[in-house]
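Morning, everyone. Please have a look at the model on the screen. I'll go through it piece by piece.

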Amino acid sequence: MSTFKLTIDGKVVEAQPGMTVLQAAKSAGIFIPSLCAHDELSPYGACRLCVVEIDGVRGTPTSCTTPAAEGMVVRTNTDQLQLQRRRTIELMMSGHPSPCFSCDSRADCEVEKSQPTRAGHATRCGTCSNRPGCELREVAMGNFTRDIGLPLIYDESKVERNDPFIDKDYNLCILCGRCFRVCEKVHGKPAISIANRGKKAKISSEFEKAWSAEECKFCGACVDECPTGALTDRWGKWFGKPDKISETICAICPKHCRVAVKIKDGRIVSAKSVSLKREDALCALGRFGIPQIMNSRSRLLRAQMRKEGELVPVSGPEIIKRFIEICRSAEGKILVTEHTGGFYESRKGIRALADRFGAKLVKLSNDSDGLDEETKREIAEGKFEAAFIVGSYLDESLASKIPHLIIADFMKTPEQESAELVIPFSIFGETAGTFASSGGEKIMSAAAVASRSDQRPLSGFLSEVCRECGVDVKAFDFKLEGLPAGFKDPAEDKRNMPERFLGHFLADFVPDLEMLGLRASPHKKAAKMADFDAGFEILEKRSVAPNFHEVTVKAPDMAKFVQPGQFAILMANADSERSPFTIIDWDAEAGWVKFILEEVGRSSAEIGALKKGDRLAVVSGPLGTPVNLDAFAKGSKALLLGGCYGIGAIYPIARALSERGVEVTCAIEASSAYMLYFKDELKSVSKKLVVRTRDGSEGEKGGCRDVLKESGKDYDSIVAIGCVFMMKQCAQAAPKDAKHALCALNPIMVDGTGMCGACRVSVGGETKFACVDGPFFPLLDVDFAELGKRRTAYKLLEIEAMPRHIGGKCHS
Amino acid sequence: MEILKSQRESAQKAWDDFSDAGKARVLVGAATCGRAAGALDVMEEFKKELSAAGLSDKVEVVETACIGLCYAEPLVEIRAAGIPPVLYSNVHPKDVSELVKSHIMAGKAVVGKAEAVMVESPYEGIVPFKKHPMMELQKRIVLRNCGVINPSSFEHYLARGGYKGLERAFSMTPEDVIEEMKKSGLRGRGGAGFPTGMKWGFARASKSDEKYIICNADEGDPGAFMDRSVLEGDPHSVIEGLMIAGYAIGAQHAYIYVRSEYPLAIERLRTAIKQAEEAGLLKRKLENGFEFEIKIKKGSGAFVCGEETSLMASIEGVRAMPRPKPPFPANSGLFKKPTNINNVETLAAVSSIMRDGAESYAALGSEKSKGTKTFSLAGKIVRTGLIEVELGIKLGDIINKIGGGCPDGKKFKAVQTGGPSGGCLTSQHFDLPVDYENLGAVGSIVGSGGMVVMNEDSCMVEVAKYFVNFTENESCGKCVPCRMGTQHVHMILEKITSGKGELEDIERLKKIAFTMKQSSLCGLGQTAPNPILTTLRYFEDEYMAHIKEKRCPALVCPGLVTFRVDAEKCTGCTLCERACPTGAISGGPKKPHVIDGEKCISCGACFQTCKFGAISRE
């Protein structure tokens, strides 16, 4: 069949047979907004955005489902269509947590917070990991009127974390159907579909079981195609938009799949298949494992040599020199291992070395359960003077039997403690080299990112050694093996996934694999923390708003001394981060203290995952200088402003001031009505409560800034507590001549007693420690820009910490 | 057809015997509606009484189906020698003894229980069936056999001209059959009213080695039971229609998609299909080479399955969600093969049209809406039931003449036609000819034929909310306008009925309705706003009363109604006190009761329970 012509918006467009109107328009550079449409997936027609008018066709058909035809006359952009699209977008956004759209401060806020807040639940764009790449946002921005004119329907579905690798937040889902269509496209029979109907319709596996119990292969295609962030890669989601995507080869199993890796700041943060063809589908390791392995904290970064009994970092030439010395001295009594999954170039080098020094060469593959029995016996009998082991194939007792042990690896292991030389190398993705295709052909793998620290390609190291020893590596050319007999493809069935790579248990670096039944190494298991049974009992815990918990803890010694405005350091476990939280209520007699806790990262999520009756490892306080109540005169007027956790934090101050006869007005803000809490509590301790929401869903549209602008001058005192952006806005809006305006700062804190200095802030040009000098400081004097910057100091570590398992299981 | 020739003879004999009015027989209408009213108990009682009277072998007790007078169920026709057959209504088991003794044994009609006499002239003051107010204006083509024959009898169907339509079709080319359908003017009776002949033509023109024909029996509109009655009362008329359609389009396979909530219909269909197979009509090559099989597929209660593409998805075993058209089913339908879908009533009409010829059918009805249409009358109407009338009949004639208007002297307020996709019409439309064009012009639809009548006690905002709640729950959730739109309009109507409505809500409703109508994927979403739009159009004053005056004129909406006890009328019986769920009523025995406005949630429980009319609403 040949091409044909149709007219779109007055332009004659040439189209290929089989094209839809949408595709024909796109090929001619005519943009029609769409969300559910996808060039490689079956037409679906659910989002209803790509509606067009076609002469002779009734109504407004969707261009994604209508085949283009010869002579068709199509209009894509009439007023009627624009109106229809806008209304549809409004309906769509009304079922998606979208208050940020109608917020006047959105642009400023997003400049201030260039990364979304890493909250447990995405309650708005500002706490959504998908913000940088959200297609819904992009389409909506282009067709959006500020006021969606409809109430938000936010049903607070729990984020489902019952599966490895994938977080499922159906609050964000717009049911575009891309996920199950891509699943069908890649795997034939989809593992997921829509369950229930109408407003209860949601993406689900059969009978809403965990996907791991179902056909799902965790190829991640659904996550990659999700336009909204409803399905996300638990580990990679907070890194933001990748700088680039490169292609490399995954060498974890002998299949050597091509994989597209997403690179951000020079690191591989995510991976996906190179196409949606079935043969290109990745297994869970390829899709989700690679970045976690590459960025593991167990990566071996430094080249080390034993000097005077201690392993110390050394330079490259020194290592090579010592390497050759050892080989020469132990000639004929050397054990060398070759990993059949390694680069062709490295394997040639290993073979050349083994030949040159008369070594015993042991070939190992991924599924090798360590060294063979004979070799183990030989080691135990002391047959080897030296050994060059690539990967982790020795246990510590065997390692100690080899006088001169050289270990090359990409991860740290316990047996490296017994080595004389430890050589870090970079692996696939970080090194260019050659692998075997499934048919045994040579295929080139590019380096997507650079090696880190002392890591370098093993092949490079070996060829240098060989050159020094006068060995011609070229002579050791060999024919590469194809797939081993009986190879089972992990992309076809998750049970086929290899448990190890280079001798390492993959679950050591990719903990979610344990949910799929893959073992971690015994030494990792032992290192896990024993349950902490001391600590502080949680007497009550309730969710007051999405991401916000009210936690009441038994802490009698502390409850005796708390004063309004003080905080305490909480830790869920003995090895948790120390995080400060404002004390919002206490009872000295009953011996409890109460906190409002916002889930914004791993540590707060850990506490958020605890239940009534569980124990917090550490509750240390009261800390900080209480608010100076004497500065508020009886009969004077005070305005207390609270946003996010600040809504809770102003409560004890409001109560104390009201008790002293101060006329208290509380003003609180939230992005939308469903994020408000504590209204009744605040009403009970103040004369007036003003509510503002950023989307106008409750109270007037706006924030605390607007309250200050309108009536700030009517008050003798102002106290603002909330996120840095909110307090900064308050500082800008407060009357410039305000005599008594305070804010409570929330920098990163460690000890909370003025020793570490992590919480330093600049106030009126002076350096202060928020933990002891604060948290209260004059609102107008704080350097908020510096505070904002300092709070992001550990961004990368915080991202890395986020997806780890909490409390022995995934946090929820 | 050769194979039917010999069968027709014995069939005629069986029918002659069955329809012999002089032969003692008790015919109990035992379709689902009759059974719900207690028909099976009545039948048992007849058997018992007859056996006690020693008449068991002389008087046959037969199960028939629904004749349409649902308000009068259980209905029993009694035939006996020397007395014209009489149709008795509202028969209770306790009435049976008298009926047996008087009518059968003494040959004297029980006038007090009689609904009609089944002969032309009146008898003992009993009106002849054909002159019965509910029957007089009817024209029964689709319902020709319903309640008349024993639906489990292939012979009865055959004797009454059954499969003659098929024989006539076989004497023509498929193209001529399609032409005949076009001439008849028959339009799809499932709701959309698409010309049946044209639809068949598309499927005929589609080239394929395999084609399907589907009978859509997924009747789901609240208050609609036309298809059920036909399947229960005359299953062969549908099977014959399917075969004619299959022959015309060149299909080999048929599915009847029937909701599993219709167990009796499924049972009757199974029996009928088996009979047709045994008669040699199905599952074997006929003399003209036509070979056809019919399968039943049970639906599982999703309203959206009535939409043809969802229905096909459901048969294929995947989630029932509408698929975009094109491709149209005629080109790529069930299992991606050319498929034609017709509704039960359409197919039942087809068999009659093919037998009697297109002309006589086309002579009925209005200019663009030919023939007859069945309607189910439900709600606040004296004679509820199933009727078949010529299209073009005046709405007022259906409501008042056939249906008898509203009971208990209450004032008619509205009639909802076409189910959740239809609209509410008022008495100003009584002169409106009921057909596709005219109902469409006033914002409603003929739909599948449901008519729910409402009287002055119905709040039209509440009614709109009811239908929207229905579509909200039945929306499959696939497309945005329907999934989100139904939720929003329901929320707004909830707001209005609870007295929190604002004037802007009317605009909001219209705005969302526009988006749903314009942008929804399938008919469910596109028509879901109709109940709102028509009530807004004809009953805007009721919306305004709710919004502006915080008043529900029909005194229905909780929160907008205050209940008071009239101390004069109150006898202190304490019934209301006990019925009140919030303990808002106090008083004690024999003392006038008082309702505490603070505690009262206006649920109306007291109003319902009071036997003395002592509780007033305002």
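Which residue is the bridge partner of A:T248 in β10(A)? The partner is A:V259.

Before going on, two notes on the model. This is a predicted model, where local features need pLDDT of at least 70, side-chain atom pairs count only at pLDDT 80 or more, and totals for chains, interfaces and linings use all residues. Residues are numbered from 1 along each chain as its sequence is written, while chains are lettered from A and ligands numbered from 1 in the order in which they are written.

Now, the first sheet. Strands β9, β10 and β11 of chain A form an open sheet, in that order, with antiparallel pairing. Strands are DSSP runs of E, at least two residues; helices are runs of H or I, at least four; both are numbered from the N terminus. Two strands pair if DSSP finds at least two bridges between them. At the edges are β9 (244–249) and β11 (267–273) of chain A, each paired on one side only. On average, neighbouring strands here are turned by 35° against each other, direction ignored. Axes are lines fitted to C-alpha atoms, for helices over the stretch in contact, and angles run from 0 to 180 degrees between N-to-C directions.

Back to our bridge. Six bridges join β9(A) to β10 (residues 258–264) of chain A, and the two run antiparallel. Helix α7 (residues 284–294) of chain A packs on this sheet. Helix α7 touches β10 and β11 of chain A, and its direction makes about 170° with that of β11(A). Contact means C-beta atoms, placed from the backbone, within 7 Å.

Next, the second sheet. Seven strands of chain A form an open sheet in the order β29-β24-β25-β28-β27-β26-β30, again with antiparallel pairing. β29 (615–616) and β30 (618–623) of chain A stand at the edges with a single partner strand each, so one side of each has no neighbour in the sheet. Four bridges join β26 (residues 567–571) of chain A to β30(A). One pair is A:M571 with A:V618. Helix α16 (residues 645–659) of chain A lies across β27 (579–587) and β28 (592–598) of chain A, at about 45° to β27(A).

Last, a helix pair. In chain A, α18 (residues 704–711) and α19 (residues 724–733) pack at about 15°, with axes 8 Å apart. So α18(A) is roughly parallel to α19(A), a label for angles under 35 degrees. The residues in contact include A:L708 of α18(A) and A:M726 of α19(A).

Methods
Two residues are in contact if their C-beta atoms, placed from the backbone, lie within 7 Å. Angles under 35 degrees count as roughly parallel, over 145 as roughly antiparallel, 65 to 115 as roughly perpendicular and the rest as oblique.
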